[in-house]
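Some questions on the chains and their interfaces follow, each with a short worked answer.

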Amino acid sequence: MAAAAAAPDSPLSSTNIFAPATTPAKTIFGLSMFVLAVTGLIFVVVAGLLVYSLVKFRGRAGDAGREPAQVYGSTQIELAWTVIPVLIVAVLFLATARVIHAIQDAPKPAAALDVTVIGHQYWWEFRYPKLGIVTANELHIPASDPAHPTPTFLKLLSADTNHSFWVPELGGKTDLIPNRVNQMWLDPTRPGIDLGQCAQYCGTQHAKMLLRVYVEPPADFAAWVSAQQQAAIQDQKVIAGKHVFETTSCINCHAVSGTAADGRFGPDLGHFMSRGTIASGAAENTPANLRLWIQNPDAIKPGSLMPAMKLSDEDLDAVTAYLETLR
Amino acid sequence: MSTNAIAIENLRSAGRPWTETLHEWVTTVDHKRLGILYIAYALFFLVVAGVEAMIIRIQLMHAHNDFVSPQVFNRMFTMHGTTMIFFVAMPVLFGFANYLVPLMIGARDMAFPRLNAFSFWLTALGGLLLYFSFVGGNGLYGAGNAPDVGWWAYAPLGAKAFSPGHSSDFWTVALLVSGFGSVGTAINIIATVLCARCPGMHLGRMPLLVWLNLVMSGMVLIVVTPLTAAQLMLLVDRYLGGHFFDTQAGGSATLWMHFFWIFGHPEVYVLILPSFAFVSEIVPVFSRKPIFGYPVMVGATVFIGFVSMSVWAHHMFTIGMNSYANSFFTITSMCVGIPTGIKIFNWLGTMWGGRIQFKTAMLFCIGFLFQFLIAGLTGIMLASSPFDWQLSLSYFVVAHFHYVIVGGILFALFAAFYYWYPKFTGRMLSERLGKLHFWLFTIGFHVTFDVMHIPGILGMPRRIYTYEPRPGWEILNLIVTLGAVIQAVAILIFVWNLLSSYWKGAVAGNDPWDAWTLEWSVSSPPPAYNFATVPVVASRRPLWDQKHPEDPDSRYE
Amino acid sequence: MSALTIPITQPPRPWVLPDRGKVAMASLIIAESAIFTIFVVAYLFYVGKSLAGPTPSQVLETPVFYTICLLSSSLTVHLAGTFLKRGRQGAFLSLWLLTFVLGSLFLFGTAQEWHRLIYEKGLTISTNLFGTTYYSLVGLHAFHVTAGLVMLLVVLVFGLAGRVQRDQSGRVEVLSMYWHFVDAVWVVVFTVVYVLGR
């Protein structure tokens with residue numbers, strides 16, 4: 001996997017809207033530059049006139065008692081500085097409308113990948129309906145070749161409150177709203193990791209509902225897909241931990257294929273170890289963090305909806321070991 | 001010859017029991033006293049909401065900071081926004097309108113003095129209710145405290161399911177109550193302006209401040225009430241099992257958004273119009289020329305009032321509206337910039353060819369002009385919906401609207417304070433402290449809000465209690481916090497100026513600025529009855545006519 | 001400085017401004033219209049969107065009689081005002097009382113309809129979207145009718161005590177503006193709920 005500007009999975013990767021990596025993002029970038037140029041020009045002209053007037057027409061010591069010419073207005077000037085802004089607005093609007101249409105009304109190619117994104121308090125559920133995959137928080141998509149585009153079309157839903165999917169370098173944000181179906185698309189050409197996070201205040205832990213998008217060359221993506229399509233690994237060495245997992249309330253919220261767990265309130269854990277982070281990016285996926293998360297989620301993400309499981313130390317170690325096998 | 005000032009004069013000459021004075025103020029129906037009550041109330045909450053802002057800024061100084069918990073932080077930004085809009089900006093602007101409108105139209109009081117008092121006390125009650133939530137927000141279930149759903153309380157976050165306890169109810173009821181107060185004052189202003197003008201003051205001869213407050217009041221009638229309606233619906237959902245915004249029952253979260261922003265966007269025009277009013281009165285006096293293009297200024301105001309009702313969904317560009325809706329709201333939002341720009345040009349035209357006096361009030365107006373220009377231009381950027389798909393819900397937007405509200409409205413308010421404080425109190429504010437306040441606040445403002453645009457561009461969303469150490473975020477947030485500290489110091493200087501000048505300021509006299517509207521024809525402060533005889537006017541600048549009988553405005557209008 | 005006067009060469013035209021009571025009531029009506037508009041928008045938006053429960057065509061019965069009562073009360077209140085302006089106390093009081101009775105009949109009709117809907121048809125404010133929007137919209141209107149009836153009653157009491165004369169006809173007119181508004185809102189609500197929404 002090619003590295004992004006900084007270390008790929010470090011939180012130090014940039015999320016700069018002016019570093020676009022997809023067609024929608026680049027189109028927006030082009031429009032932004034145009035708008036910035038026009039508004040910049042307006043600023044220079046008007047601010048320049050303001051500064052000029054302040055300097056040229058400042059009162060001087062000898063002024064006392066004398067009033068300047070009392071001018072009430074001028075129809076021609078008013079007309080001029082009405083018509084010019086109208087023209088500027090017309091130009092800006094036309095440029096904008098073109099981009100709105102290009103992005104929102106783009107046709108969907110047959111080779112597009114469908115992903116359904118479901119926003120939860122405070123994590124992301126990703127389903128690939130045609131591939132039979134359910135995962136969470138870290139989205140894997142194939143890089144798209146401009147000659148034969150394979151964009152990813154995201155269907156955006158919410159299970160609870162409003163969220164917003166924002167990965168700045170991959171495009172503008174679109175909200176996930178309960179009882180509403182939204183759509184967006186991306187076609188990154190360059191493999192790497194792109195970071196983002198929820199942008200619509202959704203509750204206590206809105207701040208730690210982070211996003212990772214792994215853009216992979218088609219072969220790597222295919223490999224990831226088949227790994228995800230396998231049933232969860234059943235490792236005999238951690239049978240004790242699996243037992244703990246299946247007999248506590250874990251199974252009410254989480255799902256692991258091939259076990260009794262089929263809850264959908266929390267993330268699917270079938271291939272939990274394929275993710276670089278836990279708690280939707282709130283912590284690195286290490287055994288120590290995992291153990292802490294299960295023992296006391298508030299230590300990592302206070303206010304998240306994962307309850308402290310109140311397990312004994314042995315059970316905690318066992319279930320952590322079990323989850324560590326779910327590659 | 002000075003007519004006798006009553007109210008504040010008595011405060012200075014001690015000898016009356018303080019209980020009597022307190023009783024007078026609590027039961028007053030005099031528009032001038034109510035104006036001062038509104039302003040004092042707002043200043044208190046300005047400090048409170050400022051403290052909330054400082055808590056936010058300290059928490060955000062570093063990544064992964066733990067100055068406050070996420071729960072407290074979420075309450076802070078909710079209360080900061082709600083307080084600033086409803087218990088600082090609205091009251092202070094209504095306060096100035098209350099004080100000045102009757103004086104400027106040659107009336108003795110507002111049309112309905114008792115309604116005036118009632119409206120003020122309703123607003124005051126609203127503020128108390130909102131802040132009582134810190135203490136009483138724990139409902140039967142022990143859940144809840146101050147509201148923490150953001151000042152928009154988006155559905156379904158505000159529903160019982162996601163917001164148990166009573167914190168959201170305090171938000172709802174407090175704003176419901178103060179909303180009635182706002183509508184009451186708006187009705188009063190409209191009735192006063194239409195029914196109580198002195199002879200000769202046709203609508204075309206009213207000071208622009210009066211025009212702007214008239215349009216603002218008309219807007220309040222149809223803008224605050226949608227919020228009232230939405231809040232009633234929310235209460236039905238929360239307490240009567242209703243489903244207005246219950247997505248599980250087929251309800252719509254976006255319906256709340258539409259209702260809220262049908263209020264929320266025109267609301268910011270409600271706040272900016274009186275700010276335009278201050279600038280439109282002050283800039284001419286300190287340029288020594290009449291306002292350039294009075295009829296156009298009136299027309300632009302009315303046009304803004306109407307067009308601003310058609311732009312609301314530019315706050316909703318990311319919710320997935322179709323391309324036609326997005327295009328519609330893009331063009332209306334850009335269009336509303338046109339009359340606003342025209343106003344800036346007219347102020348420029350007023351200064352052009354004048355003899356500008358750089359008194360503190362004028363300095364704040366000049367700051368307003370530059371900053372409002374910039375805020376308007378970042379607004380144009382946000383109006384371009386695809387650009388907004390990146391900028392929305394980020395610190396770029398936070399920077400934009402603070403640029404308007406602090407860089408625009410607050411600067412105009414400071415100008416109004418320096419300009420009319422002599423009229424309200426009979427004393428001049430210190431120019432020395434004023435200039436210190438101006439420069440310090442301007443520097444702090446720019447350090448904070450210029451820089452704040454950048455984290456937004458770098459992908460930092462709003463309403464987050466902490467953040468990952470992404471490139472640039474930490475140093476930029478630190479700088480933003482530093483600017484906030486500078487602004488806080490400047491505000492303290494301002495408050496000190498207000499207090500110390502009351503006793504030690506130079507005596508103002510009737511007309512310290514050599515101005516032209518009717519309030520400067522009476523003593524400072526004015527007598528309770530405003531005018532001994534009702535004035536008769538023949539132009540927009542009655543005092544100019546009086547001071548320049550050889551060249552009265554009436555000849556040219 | 002003494003009061004401001006400017007030498008005027010010709011006598012000023014009579015300076016007549018609108019009546020403040022009427023302007024204030026008109027402003028209040030505008031504000032209230034905005035509130036009702038939002039409730040009507042919500043009602044229309046949710047037509048046909050209930051996931052379960054009774055639908056309008058299943059349970060609503062058009063309240064023709066009570067509507068006629070309410071709308072005629074606009075006529076009676078208008079006539080009452082005209083008579084008062086002409087100084088005909090008796091006629092004013094009778095028509096005012098008739099207005100009050102007609103308005104109360106309307107409220108009674110609403111109560112009757114709600115009783116039927118709740119107890120016979122099982123439609124409450126929490127049943128479904130239709131229930132929520134229906135009771136809210138009609139209830140908001142009924143609340144305004146109630147407030148209007150209270151004010152009408154106050155005037156009636158003052159009138160019976162002989163304190164409402166020709167001089168008070170301006171204030172009475174302001175109140176009847178409110179009453180006309182309440183009726184106009186009913187026309188809209190009726191159309192939306194019983195005509196369009198079914």
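Helices here are DSSP runs of H or I with at least four residues, numbered from the N terminus. The model is a predicted one.

Q: Where in chain B is B:R541 found?
A: Two helices of chain B, α16 (473-504) and α17 (542-547), bracket the place. B:R541 is found in the loop between α16 and α17.

Q: Is B:R541 buried or exposed, and which side chain does its own side chain join in a polar contact?
A: Buried means under 20% relative accessible area. B:R541 has 6% relative accessibility, so it counts as buried. Its contacts, leaving aside neighbours within four places in sequence, include A:Q70 and A:Y72 of chain A as well as B:K289, B:P290 and B:W516 of chain B. The polar contact, at 2.6 Å, joins the side chain of B:R541 to that of B:D553.

Q: Is B:L60 buried or exposed?
A: B:L60 is placed in the loop between α3 (31-59) and α4 (70-104) of chain B. Not counting residues up to four places away in sequence, B:L60 touches B:F73, B:Y395, B:I464, B:Y465, B:T466, B:Y467 and B:N477. Its relative accessible area is 0%, so B:L60 is buried.

Q: What separates the C-alpha atoms of B:L60 and B:M309?
A: Along the chain, B:L60 and B:M309 are 249 residues apart. In space, their C-alpha atoms are separated by 35 Å.

Q: What area is buried between chain B and chain A?
A: The contact brings 94 residues of chain B against 87 residues of chain A. Carbon and sulfur atoms give 68% of the buried area. The area is about 7900 Å².

Q: Which residues form the salt bridge between chain B and chain A?
A: Across this interface there are 35 residue pairs in polar contact, both residues at pLDDT 80 or more. The count of salt bridges between chain B and chain A is one. The closest N and O atoms of that pair are 2.7 Å apart, and the residues are B:R288 and A:E67.

Q: Which element gives the most to the side of chain B that touches chain A?
A: By class, that side has 54 nonpolar, 28 polar and twelve charged residues. With eight residues, the element that gives the most is α12(B).

Q: What span should helix α2 of chain A have, and how far apart are its end C-alpha atoms?
A: Helix α2 of chain A covers residues 75-104, which is 30 residues. Its buried residues include A:W81, A:L92, A:F93 and A:I100. At 1.5 Å a residue the helix should span 44 Å, and this agrees with the distance between its end C-alpha atoms, 42 Å.

Q: Which helices do the buried residues of α3(C) pack against?
A: The 22 residues of α3(C), residues 64-85, should span 32 Å at 1.5 Å a residue, and the end C-alpha atoms are 32 Å apart, which agrees. Among the buried residues of this helix are C:Y66, C:L70, C:V77 and C:F83. C:G87, with a positive phi near 85°, follows the helix. The buried residues pack against α4 (89-119), α5 (129-160) and α6 (169-196) of chain C.

Q: How many salt bridges are there between chain C and chain B?
A: The contact takes 37 residues from chain C and 49 from chain B. About 3600 Å² is buried between these chains, 75% of it on carbon and sulfur atoms. Seven residue pairs are in polar contact, both at pLDDT 80 or more. The number of salt bridges is zero.

Note on methods. Residues are numbered from 1 along each chain as its sequence is written. Chains are lettered from A and ligands numbered from 1 in the order in which they are written. This is a predicted model: local features need pLDDT of at least 70, side-chain atom pairs count only at pLDDT 80 or more; totals for chains, interfaces and linings use all residues. Side-chain values use heavy atoms; hydrogens and water are left out. The expected span of a helix is 1.5 Å times one less than its number of residues. Buried means under 20% relative accessible area, exposed over 50%, partly exposed in between (1.4 Å probe, protein chains only). A polar contact is a pair of N or O atoms within 3.5 Å; within protein, one must be able to donate a hydrogen and the other to accept it, and residues adjacent in sequence count only if both atoms are side-chain atoms. Contact means heavy atoms within 4.5 Å. Buried area is the accessible area (1.4 Å probe) that two parts lose on being put together, summed over both. A salt bridge is a side-chain nitrogen of Lys or Arg within 4 Å of a carboxyl oxygen of Asp or Glu. Ala, Val, Leu, Ile, Met, Phe, Trp, Tyr, Cys and Pro count as nonpolar, Asp, Glu, Lys and Arg as charged, and the others, Gly among them, as polar.
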